[in-house]
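Colleague: I have just opened this one and I don't know my way around it yet. Could you walk me through it?

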Amino acid sequence: MYGNEVDPMCRLVREAISELNLDVLIIPCPKGGDRHIQQLQEMYSTNKIPFLIDKNTQTILNSASEIIDYLYKHYANSSAPIRLRANIFNYASSTSASLLRWNAGKTKQSALEPTDPLVLYSFESSPYSRPVRETLCELELPYLLINLGKQQFGELGPAIHRLSPGEYTPLPKTKRSAFFAEHGTVQVPLLKDPNTDVDMFESKAIVKYLITTYAL
Ligand SMILES: N[C@@H](CCC(=O)N[C@@H](CS)C(=O)NCC(=O)O)C(=O)O
């Protein structure tokens with residue numbers, strides 16, 4: 001998906017993607033950036049985002065409402081919930097969310113172009129993951145967004161202070177259980193950078209790493 005972290009319609013699409021537990025390659029198109037928007041223009045004669053290409057079904061869509069309807073229909077065999085419909089109310093609430101973040105992530109910062117896309121484990125409403133996604137967008141760094149949304153009550157709260165007492169056990173045969181088996185915990189954000197072989201937790205450290213490694 002070509003998109004911008006701050007754009008209210010792109011956010012609605014990402015919320016749908018997160019709730020559907022899908023993983024998507026995000027191609028960031030910050031304001032003032034030309035790297036990817038030019039590609040979109042050359043390949044598909046548009047600079048309108050969100051722009052979704054689903055290679056699984058050879059589907060190409062260029063409006064948030066069509067994308068959200070398509071994702072729910074194809075991947076959940078249902079219609080999109082009202083809170084995710086691309087209407088004026090959701091547009092306003094999605095815009096407010098960006099304003100509360102002072103539109104962080106909207107505008108391009110010059111950066112090196114990585115050879116391979118980075119990988120980010122996240123979920124849309126994660127307050128710790130948001131600054132990382134904002135930085136990836138500003139630096140125009142493509143990344144595979146792996147959503148690890150919460151699936152049960154026992155997952156509420158930060159990884160080190162979950163609200164429910166006792167040992168945490170993810171639901172079996174899920175992306176969360178695979179992550180738990182690999183890391184002994186489930187915590188987002190986690191960034192993997194195949195270009196430098198870096199794997200790291202901790203949002204502040206990840207933002208610092210991205211700026212130090214890629215910003216010009
Ligand atoms: N200090 C960490 C905190 C990360 C954190 O607690 N993330 C929450 C999500 S916002 C989490 O992983 N919660 C556990 C879960 O989702 O199961 C950071 O800054 O990255």
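Modeller: We can go through the ligand site, the salt bridges, the surface and a few backbone details in turn, keeping in mind that this is a predicted model.

Colleague: Ligand first, then. How many residues surround the ligand, and which are the closest?

Modeller: There are 17 residues around the ligand, and the closest are Lys150, Arg162, Val188, Glu202 and Ser203. Sorted by type, that shell is made up of 8 nonpolar, 4 polar and 5 charged residues.

Colleague: And which atom of Ser203 lies 2.6 Å from the ligand?

Modeller: A polar side-chain atom of Ser203 lies at that distance from an oxygen atom of the ligand. In the case of Lys150, an N or O atom of the side chain is 2.8 Å from a ligand oxygen, whereas Ala159 places a polar backbone atom 3.3 Å from an oxygen atom of the ligand.

Colleague: How much of the ligand's accessible area does the protein cover?

Modeller: On its own the ligand has 510 Å² of accessible area, and the protein covers 90% of that.

Colleague: Switching to salt bridges, how many are there?

Modeller: The count comes to 11 salt bridges. One of them pairs Arg83 with Glu19, with the closest N and O atoms 2.4 Å apart. That pair links distant parts of the chain, since Arg83 sits in the loop between helix H3 (64–76) and H4 while Glu19 belongs to helix H1 (residues 8–19), 64 residues away.

Colleague: Is Glu19 buried or exposed there?

Modeller: Glu19 counts as partly exposed, because its relative accessible area is 43%, and the partly exposed class lies between 20% and 50%.

Colleague: What about the one between Arg35 and Glu113, where are those two residues?

Modeller: The side chains of Arg35 and Glu113 meet in a salt bridge at 3.8 Å, N to O. Here too distant parts of the chain are linked, with Arg35 in helix H2 (residues 35–44) and Glu113 in the loop between H4 and S5, 78 residues apart. Glu113 is exposed, with a relative accessible area of 56%.

Colleague: And which residue does Glu134 form a salt bridge with?

Modeller: Glu134 forms a salt bridge with Arg101, and their closest N and O atoms are 2.7 Å apart. Glu134 is in helix H5 and Arg101 is in the loop between H4 and S5, so this pair ties together parts that are 33 residues apart in sequence. As for the two partners, Glu134 is buried at 6% relative accessible area, while Arg101 is partly exposed at 33%.

Colleague: Which residues are linked in a network of salt bridges?

Modeller: Such a network links Glu5, Arg14, Glu124 and Arg133. Glu124 also turns up in another pairing, as Ser18 and Glu124 are 106 residues apart in sequence and yet 5.9 Å apart in space, C-alpha to C-alpha. Ser18 itself lies in helix H1 and counts as buried, with 9% relative accessibility.

Colleague: Let's look at the surface. Which residues form the nonpolar patch?

Modeller: Ile88, Phe89 and Tyr91 form that patch, and together they have about 390 Å² of accessible area. Tyr91 is part of helix H4 (residues 88–100) and is partly exposed, with a relative accessible area of 40%.

Colleague: I also noticed some serines between S5 and H5. How accessible is Ser125, and how accessible is Ser129?

Modeller: Ser125, in the loop between strand S5 (118–122) and helix H5 (130–138), counts as exposed at 53% relative accessibility. Ser129 is found in the loop between S5 and H5, but it counts as buried at 0%, and its side chain makes a polar contact of 2.7 Å with the side chain of Ser126.

Colleague: Last topic, the backbone. Where are the cis peptide bonds?

Modeller: A cis peptide bond joins Ile49 and Pro50, with omega at about 0°, and another joins Val188 and Pro189, with omega at about 5°. Pro50 lies in the loop between H2 and strand S3 (52–54), and Pro189 in the loop between helix H6 (175–183) and strand S7 (190–193). Val188 is also among the residues closest to the ligand.

Colleague: And what is the phi of Ser45?

Modeller: Ser45 has a positive phi of about 55° although it is not a glycine; this residue lies in the loop between H2 and S3 and is exposed at 60% relative accessibility. Asn103, in the loop between H4 and S5, likewise has a positive phi, about 60°, and counts as partly exposed at 26%.

Methods:
Residues are numbered from 1 along each chain as its sequence is written. This is a predicted model: local features need pLDDT of at least 70, side-chain atom pairs count only at pLDDT 80 or more; totals for chains, interfaces and linings use all residues. Side-chain values use heavy atoms; hydrogens and water are left out. A residue is near a molecule or strand if one of its heavy atoms lies within 4 Å of it. A polar contact is a pair of N or O atoms within 3.5 Å; within protein, one must be able to donate a hydrogen and the other to accept it, and residues adjacent in sequence count only if both atoms are side-chain atoms. Accessible areas come from the Shrake-Rupley method with a 1.4 Å probe; for residues, only the protein chains shown count as cover. Ala, Val, Leu, Ile, Met, Phe, Trp, Tyr, Cys and Pro count as nonpolar, Asp, Glu, Lys and Arg as charged, and the others, Gly among them, as polar. Patches are made of residues with over 30% relative accessible area and no salt bridge: like charges are joined within 9 Å, nonpolar side chains (Val, Leu, Ile, Met, Phe, Trp, Tyr) within 5 Å. A salt bridge is a side-chain nitrogen of Lys or Arg within 4 Å of a carboxyl oxygen of Asp or Glu. Helices (H or I, at least four residues) and strands (E, at least two) are DSSP runs, numbered from the N terminus. Buried means under 20% relative accessible area, exposed over 50%, partly exposed in between (1.4 Å probe, protein chains only).
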